[in-house]
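Reader: I would like a close look at a single part of this protein. Please take it slowly and say how that part fits with the rest.

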Amino acid sequence: MAAESRTFENDDAIACQTHSQRGTETDNTHDPTTCDPATCNVVLVVDDSPTILLFVKRALEQAGIHTCAARTASEAIALISKTKPALILLDMSIEGDDEEPLIQRLSRDGIFQRTRVILYSNRVESVLQAAATRYGASGYLRKSGNAREVIAAVSTELARLADTK
């Protein structure tokens, strides 16, 4: 499946992969930096592990979901402001340059009120559930290595978002 890559701020770690399937054709005209949020759902995947980031991006892209990815807090913040993602799949362990957890920064900045967020972590379910409740995340998902679980969780949240528009 062909994909178009865009890099923002000359940083190879911030890449947006875009594609959508129409039969056997691939449409590469989607631009996550300028898309209309009413018709375009970009999922921002934030994880500091390149392996997990690649795994999740590939799974979502193969399911026809537009993705952007960030490995650091500063990359995530830049992409949130540029792409206005419909959903953020957030690794809870990401910290900013000031060592403030990204989850706290996003909460303080009101992101959880404006954007659906799924917390994604290896932490035990009770910790994930408590954090989701505390920060107002849409949900949580344990890192299991199961692509179907990731696709199902993201697809469910995107469907809920579509139902509210």
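Where is the place of Leu53?

Author: This is a predicted model, and the place of Leu53 in it is helix α1. Leu53 counts as buried because its relative accessibility is 6%, and buried means under 20%. Leaving out residues up to four places away in sequence, Leu53 touches Val45, Asp47, Ala69, Ala70 and Arg71. For one of these, Ala70, there is also a distance: Leu53 and Ala70 are 17 residues apart in sequence, and their C-alpha atoms are 8.2 Å apart in space.

The helix that holds Leu53 has a partner. Helix α1 covers residues 50-62 and helix α6 covers residues 147-164; their axes come within 9 Å and cross at roughly 60°. The crossing of α1 and α6 is right-handed. On the α1 side the contact is made by Phe55, Val56, Ala59 and Leu60, and on the α6 side by Ala147, Val150, Ile151 and Val154. Sorted by type, the residues of this contact are eight nonpolar, no polar and no charged.

Helix α6 also has a residue that faces the other condition. Arg148 is found in α6, and Arg148 counts as exposed because its relative accessibility is 71%, where exposed means over 50%. In sequence, Arg148 is 85 residues from Ala63, while the C-alpha atoms of Arg148 and Ala63 are 9.6 Å apart in space.

From here the nonpolar cores can be described. The largest nonpolar core has 25 residues, and Leu44, Val46, Ile88, Leu90, Leu102, Phe112 and Leu119 touch the most other members. At least two residues of this core come from each of β5 (42-46), β6 (66-70), α2, β7, α3, α4 (111-114), β8 (116-121) and α5 (125-135). A second core, separate from that one, has 17 residues, among them Val43, Val45, Leu89 and Leu161. Val45 has already appeared as a residue that Leu53 touches. As for Phe112 in the largest core, when neighbours within four places in sequence are left aside, Phe112 is in contact with Ile103, Leu106, Ser107, Val117, Leu119, Tyr135, Gly136 and Ala137.

Helix α2 is the next element to consider. Helix α2 spans residues 73-83, and its buried residues are Ala73, Glu75, Ala76, Ala78, Leu79, Ile80 and Thr83. One of them, Leu79, has a relative accessible area of 0% and is therefore buried. Leu79 and Cys68 are eleven residues apart in sequence, with 7.8 Å between their C-alpha atoms.

Just after α2 comes Lys84, with a positive phi of about 50°. That is a positive value in a residue other than glycine. Lys84 lies in the loop between α2 and β7. Lys84 is exposed because its relative accessible area is 53%, and the cut-off for exposed is over 50%.

A loop on the other side of β7 gives a contrasting case. Glu100 lies in the loop between β7 (87-91) and α3 (102-108). Although Glu100 is in a loop, Glu100 counts as buried because its relative accessibility is 17%. The side chains of Glu100 and Arg108 are joined by a polar contact of 2.5 Å. Not counting residues up to four places away in sequence, Glu100 touches Glu95, Arg105 and Arg108.

The protein as a whole gives the setting for these parts. It has six helices and nine strands. Of its 165 residues, 46% count as buried, and Leu53 is one that counts as buried. Among contacts with a separation of 6 or more, residues 24 or more positions apart account for 59%.

Notes:
Residues numbered from 1 in each chain as written. Predicted model: local features only at pLDDT ≥ 70, side-chain atom pairs only at ≥ 80, totals over all residues. Heavy atoms only, no water. Axes fitted to C-alpha atoms, helices over the stretch in contact; angles between N-to-C directions. Helix = DSSP H or I, 4+ residues; strand = E, 2+ residues; numbered from the N terminus. Left-handed = near helix turned anticlockwise from the far one by under 90°. Contact = heavy atoms within 4.5 Å. Nonpolar A, V, L, I, M, F, W, Y, C, P; charged D, E, K, R; others polar. Buried < 20%, exposed > 50% of the residue type's maximum accessible area, 1.4 Å probe, protein only. Polar contact = N/O pair within 3.5 Å; in protein donor to acceptor, adjacent residues only side chain to side chain. Core = buried A, V, L, I, M, F, W, Y, C linked by side-chain atoms within 4.5 Å.
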